[in-house]
Each structure stands twice: as structure tokens, then as C-alpha cells.
Protein chains: 2
Amino acid sequence: MPAIDFWYEFASTYSYPTAMRIERLAAEQGVTLRWRPFLLGPIFKAFGWNDSPFNIFEAKGRYMWRDLARVCEGDGLALKLPPVRFPQNGLKAARLALAGEKDGWTPAFTRAVFAANYAEQKDISEDATLAAILGGLGVEAEAALAAAASPEVKEALKAQTAEAQARGLFGAPSFTVGDTRACELFWGNDRLEAALAWAKRV
Amino acid sequence: MPAIDFWYEFASTYSYPTAMRIERLAAEQGVTLRWRPFLLGPIFKAFGWNDSPFNIFEAKGRYMWRDLARVCEGDGLALKLPPVRFPQNGLKAARLALAGEKDGWTPAFTRAVFAANYAEQKDISEDATLAAILGGLGVEAEAALAAAASPEVKEALKAQTAEAQARGLFGAPSFTVGDTRACELFWGNDRLEAALAWAKRV
């Protein structure tokens, strides 16, 4: 069965519209989806960036916010700008997304965190925000937060980020089709359709 | 009548597929098209870049060449990699494109220069390459090259680049709808359809 990996970072703006539409599109195309949260920070550091490129390069940032508004409008998606902070620290949310894999709440949790960040002006680095999201999904928040802080999950996120880097990722959202060593890489919300088409043709 | 400005730089890779399809798409949508060559160099310098970001950031460059190949394949467009040099110096070609406006050969000249760069592995900074292109279009090459070297055309390209910067451009291809002070900006070959739709709705 055709499959793609969806690589996202909770601080990434364009990962928001992707997270909200990818499950529907993948299902329509009969493509299996793997949700893969990772961190862009270590990858940007290798570029010499200690902040989002949208903050470092002002003209790019100004454009991105306007373009994101158009994209969200086109998708009928709520967007409330500016967010609480940009970029927000998505470390804890990424660990939770990994911790949720075995019980299957990663996709719903991911969508709720993106909505909290970009549609609800909430601070996604705060336990209170994350616990409320988990509660809304019927997940026992205290246990999930404890699992997310375990050495296993911390290591798993490091490994996932290292794998992203090994696959040549340099931004989010990204999509890969195939194995680490010979995967086909697609970057950007606007490449989702192409990635799904590629998965079906492989 | 709805109208868009098409901003391009001869060194820009994604400007190539755009140059090859924009006239057809604009005509289909009933949108008037203005071809606006400019230089990215001064804009990149303001970012602290003395080279193409695709050379500075290796992972981005590796991805871009692969993605460009997919895009060109999808459009049925020839692509021969690597080009003679990347980025090539498009200064003289940009001046010629401006000089061609009054006689109407700018679009055909632009397409031929992009094909020379990305499909024919030619050096577009050389007079011989440019003269052959002009000859193929039935343009008197010597006179055109002289016009392109005139102070008027040199100043016109500087003014065009300054206007691009004033409009918030930071890459190519870009599309703008509306006046300098309040224009709607779109960046990237993959935003062409959105720019045309915007022009029709204004």
C-alpha cells in the first residue's frame, strides 16, 4: 500500500494547514500516513540560524504571514495573528506527539496543538495548555506528560530529528516516500499533493 | 482588465518553468501580463548573502535541483543539469529584456534565455549566446546589445530592482497585483495560479 511520512514541527507555520488537511487527502488517495514530529532547531543551527528564518529575514517573514492568511482563508481554516509568540517552543508538544503514538491519539493531538498555536493564541509550551488539549481528547494528562518526560521519549525525539536530518530535511512541513537512504523528499504544504501522487506511483 | 506583474531574474531556477507557462495561463484567465526582469543580487546582499541561498544552504540546494527536475518533468519541459554555472550572471540578459520592451520581443527573448541556461547548458553572460538568441528572434543583435549597454537601460534596471525591493520582493519568480504601495505579493512558481486568481478578483 502506498505510504508517506509527514514530518512536522509545532513551531512551523505552514505545518498548520497541512496538519488540518493531510488525513483527508491521504485517505482520498488511499495513502497510508505516518505522523513524524521532529525539531527544526538543530537543523537551523547547522545553517547558522538561532531563530526562525521568518524572523531573521524580515521581508520573508512579512510575506509568510500574509501568504499563510491567504492559504488558511482558502482552506476555510481559522487563523488568529499574531500568535502568542513566534516561533513557540514546541519541544514538549513534540515529545507528547511521540508518546501518543502507541495509543493512537497523535493525529488529533497534533491538530489541537496547531489550532492552539495559530487559531487560539495559546502558549503551547505550557503544561496547562497541553493538559487541556489532552483532557479534551479523553487522554489522562498527568500520565501522558510523565511519559513525554521519560528518557525513552526524549531519546526517540532526538533519533527522529537525526533521521530527518539524514533524509535531507531542512524545513517543515516535509513529506518523504521510501526508505531513509533513498527517499523522495517534498517540502512545503504546497507539495502535499505531489508527495501523495509520488507515493502512489512508486 | 485584470493584470499581474511577473518579476523574474535570469539566474533563478524556478523562474524558468514560470516563464515557459505564464503567457498561456494568463491568456486562459484573461489576465494582462507585464514582464519585469530585475536583479536578486542587491536584495540577497541585504540578507548578508553573497551567493545563491541554494549554494549557501547545501540541503536546500540539493532539494531544489531534485524538485526542479520533478516540476519540469510534470510540465514536459527540457532540463539539462547541471547548468554551465550556478547562479549565472544574468545582468546583460536582464538589460536586454528591458531594452526589448518597446519592440515587443521581451517575452520570447526571456524564454530563450531561460532555455539556454537550464536546457542547453549555455553561458548566458556571453555576448555570443545572447546574439544567437536575438538573431533567432529576428532582432538585430548588435543594435540590441548597444541599446542594452546604454545609460538609460542601465538606470531602468536599477529602478526596476529598487521597485522590486520597495514592493517587498525577496525571491523569484514573484507576482504582484496592484500598485507599488499596496500590492498583493505572491512568491514562487507554485503561486502563479493564486496570483492570477487574485488579479481577477480585485
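Student: Which residue of β4(A) stands opposite F175(A)?

Tutor: Opposite F175(A) stands F186(A) of β4(A). This is a predicted model, in which local features need pLDDT of at least 70 and side-chain atom pairs count only at pLDDT 80 or more, while totals for chains, interfaces and linings use all residues. Residues are numbered from 1 along each chain as its sequence is written, chains are lettered from A and ligands numbered from 1 in the order in which they are written, and side-chain values use heavy atoms, with hydrogens and water left out.

Student: How do you know that β3(A) and β4(A) pair, and in which sense do they run?

Tutor: Strands are DSSP runs of E with at least two residues, helices are runs of H or I with at least four, and both are numbered from the N terminus. Two strands pair if DSSP finds at least two bridges between them; β3 (residues 174-177) of chain A shares four bridges with β4(A), in the antiparallel sense, and therefore meets the definition. One of the partnerships joins T176(A) to L185(A) in β4(A). The two strands form a hairpin with six residues between them, and G178(A) in the turn has a positive phi of about 100°.

Student: What does β3(A) pair with besides β4(A), and over how many bridges?

Tutor: β3(A) also pairs with β1(A), in the antiparallel sense and over three bridges, and there W7(A) stands opposite S174(A). In the open sheet of four strands the order is β2-β1-β3-β4 (chain A), with mixed pairing.

Student: What makes β2 and β4 of chain A edge strands?

Tutor: Each of them, β2 (32-37) and β4 (184-187) of chain A, pairs on one side only. Neighbouring strands of this sheet are turned by 20° against each other on average, direction ignored. Helix α9 (residues 151-166) of chain A lies across β1 (3-8) and β2 of chain A and runs at about 110° to β2(A), where axes are lines fitted to C-alpha atoms, for helices over the stretch in contact, and angles run from 0 to 180 degrees between N-to-C directions.

Student: Why is N189(A) called buried or exposed?

Tutor: Buried means under 20% relative accessible area and exposed means over 50%, with partly exposed in between (1.4 Å probe, protein chains only). N189(A) has 8% relative accessibility and so counts as buried. This residue is found in the loop between β4 and α10 (192-201) of chain A; leaving aside neighbours within four places in sequence, its contacts (heavy atoms within 4.5 Å) include Y14(A), R21(A) and P173(A). Both faces of β3(A) are covered as well, with S174(A) and T176(A) buried on one side and F175(A) and V177(A) on the other.

Student: Why are E28(A) and R24(A) said to form a salt bridge?

Tutor: A salt bridge is a side-chain nitrogen of Lys or Arg within 4 Å of a carboxyl oxygen of Asp or Glu. The closest N and O atoms of E28(A) and R24(A) are 3.4 Å apart, and therefore the pair satisfies the rule. Both residues lie in helix α1 (residues 15-29) of chain A, four residues apart, about one turn of the helix, and E28(A), at 55% relative accessibility, counts as exposed.

Student: Where do R191(B) and D67(A) lie, and how do you know that they cross between chains?

Tutor: Their side chains meet in a salt bridge (2.8 Å, N to O), which runs from R191(B) in the loop between β4 (184-187) and α10 (192-201) of chain B to D67(A) in helix α4 (residues 58-75) of chain A. Both R191(B) and D67(A) are buried, and both belong to a network of salt bridges whose members include R66(A), E184(A) and D190(B). Across the interface of chain B and chain A the rule finds nine salt bridges, and E73(B) with R201(A) also meets in one (4.0 Å, N to O).

Student: How much area do chain B and chain A bury between them?

Tutor: About 2,100 Å² is buried, 55% of it on carbon and sulfur atoms, buried area being the accessible area (1.4 Å probe) that two parts lose on being put together, summed over both. Chain B and chain A each contribute 22 residues to the contact.

Student: What makes the relation between the two chains that of a two-fold axis?

Tutor: Copies are superposed by least squares on the C-alpha atoms of residues with pLDDT of at least 70 in both. Chain B can be laid on chain A with an RMSD of 0.0 Å by a turn of 180° and a shift of 0.0 Å along the axis, and that is why the relation is that of a two-fold axis. In chain B the C-alpha nearest the axis, 3.7 Å from it, belongs to D190(B). The same surface serves both copies, since 100% of the contact residues of chain B recur in chain A.
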